[in-house]
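Student: Could you take one part of this model and give me a close look at it, with its surroundings? I'd like the cut-offs spelled out as you go.

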Amino acid sequence: MAGIKSLVVHTEVDEAQRAHNCRRNAKHRIAKGERRLKVRNGRSWLHYCLSCATTILGRDIEKLKDLSRRVAPLV
């Protein structure tokens, strides 16, 4: 039986091939050629502007740190 390899889903940073709205906030427009966060969602991808990506990553880093503290043996 295969175990869980990672809690982090497939993500990457790339350049937008066309202009479109950020998935988290439609008021944030991602222009063609701008960098964006790309997150795997099943067979497709969700795209976030760098402003929203920074918020998402910061929040998730804190969640992982908290989880790590809970799992670590008490010393």
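Tutor: First, the vocabulary: helices (H or I, at least four residues) and strands (E, at least two) are DSSP runs, numbered from the N terminus. This is a predicted model, so local features need pLDDT of at least 70 and side-chain atom pairs count only at pLDDT 80 or more, while totals for chains, interfaces and linings use all residues. Residues are numbered from 1 along each chain as its sequence is written, and side-chain values use heavy atoms, with hydrogens and water left out.

Let's zoom in on helix α1, which covers residues 50-71. A quick sanity check on its geometry goes like this: the expected span of a helix is 1.5 Å times one less than its number of residues. With 22 residues, α1 should therefore span 32 Å, and its end C-alpha atoms sit 31 Å apart, which agrees.

Now for what α1 hides and what it shows. Buried here means under 20% relative accessible area, exposed means over 50%, and partly exposed is in between (1.4 Å probe, protein chains only). The buried residues of α1 are C52, A53 and I56. Looking down the helix axis, these buried residues fall within an arc of 90 degrees, so they line one face of α1; the arc is taken over the directions from the helix axis to the C-beta atoms. As background, an α-helix has 3.6 residues a turn, so residues three or four places apart point the same way. On the other side of α1, T54 and R69 are exposed.

A few individual residues fill in the picture. A53, in α1, counts as buried because its relative accessibility is 5%. A53 and L7 are 46 residues apart in sequence, and their C-alpha atoms are 18 Å apart. L64 also belongs to α1, and at 42% relative accessibility L64 counts as partly exposed. From L64 to G42 you go 22 residues in sequence and 22 Å in space, C-alpha to C-alpha. V71 is in the helix too, and V71 is exposed, with a relative accessible area of 64%. The C-alpha atoms of V71 and G42 are 28 Å apart, with their positions 29 residues apart along the chain. In the segment after α1 comes P73, which counts as exposed at 68%. P73 and C49 are 24 residues apart in sequence, yet 38 Å apart between C-alpha atoms.

So what does the buried face meet? The buried residues of α1 pack against β4 (35-41) and β5 (44-48), where contact means heavy atoms within 4.5 Å. Two strands pair if DSSP finds at least two bridges between them. β4 and β5 run antiparallel, joined by 5 bridges, and L37 has Y48 in β5 as its bridge partner. The hairpin of β4 and β5 has 2 residues between the strands, and G42 takes a positive phi near 70 degrees there. β4 also pairs with β1 (residues 11-15), again antiparallel over 5 bridges; in that pairing, D14 stands opposite R36 of β4.

One residue of this sheet deserves its own stop: K38, in β4. K38 counts as buried at 15% relative accessibility, and K38 stands opposite H47 in β5. Leaving aside neighbours within four places in sequence, the contacts of K38 are H10, T11, E12, D14, W45, L46 and H47. The charged end of K38 sits over the ring of W45, 4.6 Å from the ring centre; the rule asks for NZ of Lys or CZ of Arg within 6 Å of the ring centre and within 35 degrees of the ring normal.
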